[in-house]
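Hi everyone, thanks for making time this morning. I'd like to walk you through a structure that may be new to you, so please have a look at it on the screen.

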Amino acid sequence: MRTKSVGKKKINVVTLGCSKNVYDSEVLMSQLKANGKEVVHEDRGDIVVINTCGFIDNAKEESINTILDYVDAKNRGEVEKVFVTGCLSERYKPDLIKEIPDVDQYFGTRDLPILLKHLGADYKHELVGERLTTTPKHYAYLKISEGCDRPCSFCAIPLMRGGHVSTPIEKLVNEAAKLAKKGTKELILIAQDLTYYGLDIYKKRALGDLLKELVKVEGIEWIRLHYAFPSGFPEDVLDIIREEPKVCNYIDIPLQHINSDLLKSMKRGTTHEKTDALLAKFREKVPDMAIRTTLIVGYPGETEERFQELKDWVREQKFDRLGCFTYSHEENTTAYVLEDDIPQEVKEARVEEIMELQSQISWEKNQEKIGKTFKCVFDRKEGNYFIGRTEYDSPDVDNTVLVSAEDTYISIGEFADVKITSAEEFDLYGELV
């Protein structure tokens, strides 16, 4: 029989899903550490907290499999308790309690104080803005708002995260300053919707105002924008990206599709023509900007003709970075009443077609970089290479720059100028200059 006190038990936080979940896990871990708890991230522990994702079928399946794995470990006596939090348990708590009753407790996305209580800890208000970061020391995510007010027909995020709530500018600047003091050099701004930032508390779109304050934070060298919504995009942000060296010439703007009828059904608030005009504005204001987007294929009503329109548009726009996903028929979304009329094998074949096309575009764009020199930050060493990124690349999702480690040494987290000597579809090879 175990006699360890609660205070000595190690708590293992397991994170699934997107960067917003990474941020939430970091906040949880900071609170636990401040309460004197021993906490690890995705390591071995006596108590396991699984921060789940419930966005689409694949993510839900991964979350459920992870829960089942830890429940099995609990039944074998390898862990004492299993707690589940995050989007999946926010959305499906009654079903999960019924189907996987061996979990000790389920919590939603806004239950942090209650979760802490069950872990023998108190929620410390003075720690707002403090995090135990799980990313490499030199970059960190900065979540500028929670929830979403957009009505997108395919998306269950408002069901799991609630309505849009912006974090005040002064709190975000304070958090950025704390991160910078710990060695963070790159801030990756995340939210369900960056474009909406400030409307609730400042009665205007205030992303530009936030950027103007964040660039003043000493020690921060790069600021990167993720998850901007196309409808209502604040154009003053483009001027700041162009004029402010710290703000990367990069934007992640999920466009989802281009056929106007499907965009209307998706409730995206835009059309083919408006989307093209926005992209033209981006390229006019910031000619050197890398544009990342994500697309959904297989949405109800995506005929072969509409898919061909999407392919032609991808070929024409030549996005710098692109991800593509199959449509997931999510209950309680407004698209759920539509017939999920595209077979799964057709959806997957369409993803392959888009990504094959993007691979060729990426290869062509990378060939143009040969002989040019770029400022890069180096994230890690793998085998015989130091792995870095340009300002046009976000960690984990975009291209990398490889420099041979056989005759060169680069400190991880440092910036260096690299001349590109060769290029593949998604990797650049170079040497220090």
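**A walk from the core to the barrel**

Let's begin at Leu189. Leaving aside residues up to four places away in sequence, Leu189 touches Leu142, Ile144, Leu194, Leu207, Leu210, Leu211, Leu214, Ile223, Arg224, Leu225 and His226. Please keep in mind that this is a predicted model.

Where does Leu189 belong in the bigger picture? The largest nonpolar core has 53 residues, and Leu189 and Phe282 are the ones that touch the most other members. And which helix gives the most to this core? That is helix α6, residues 169-181, which supplies 5 residues. There is also another core, lying apart from that one, with 20 residues, including Trp222, Ile420, Ala423 and Leu428.

Now let's move along the chain. UniProt, in an unreviewed entry, places the feature "domain: TRAM" at residues 367-433. What is that stretch made of? Residues 367-433 are 52% strand and 1% helix, and the C-alpha atoms at the two ends are 19 Å apart.

On to the barrel. Five strands form a closed barrel in the order β14-β15-β16-β18-β17, and the pairing is mixed. From one strand to the next, the twist averages 55 degrees.

Let me zoom in on one pair. Strand β16, residues 400-404, runs parallel to strand β18, residues 427-432, and 4 bridges join them. If you'd like to find one of these on the screen, look for Val403, whose bridge partner in β18 is Gly430.

That's my tour. Thanks for listening!

How values were computed
Residues are numbered from 1 along each chain as its sequence is written. This is a predicted model: local features need pLDDT of at least 70, side-chain atom pairs count only at pLDDT 80 or more; totals for chains, interfaces and linings use all residues. Side-chain values use heavy atoms; hydrogens and water are left out. Two strands pair if DSSP finds at least two bridges between them. Helices (H or I, at least four residues) and strands (E, at least two) are DSSP runs, numbered from the N terminus. Axes are lines fitted to C-alpha atoms, for helices over the stretch in contact, and angles run from 0 to 180 degrees between N-to-C directions. UniProt positions are given in the numbering used here, feature names are shortened, and annotations may be inferred rather than shown by experiment. A nonpolar core is a set of buried Ala, Val, Leu, Ile, Met, Phe, Trp, Tyr and Cys residues joined through side-chain atoms within 4.5 Å. Buried means under 20% relative accessible area, exposed over 50%, partly exposed in between (1.4 Å probe, protein chains only). Contact means heavy atoms within 4.5 Å.
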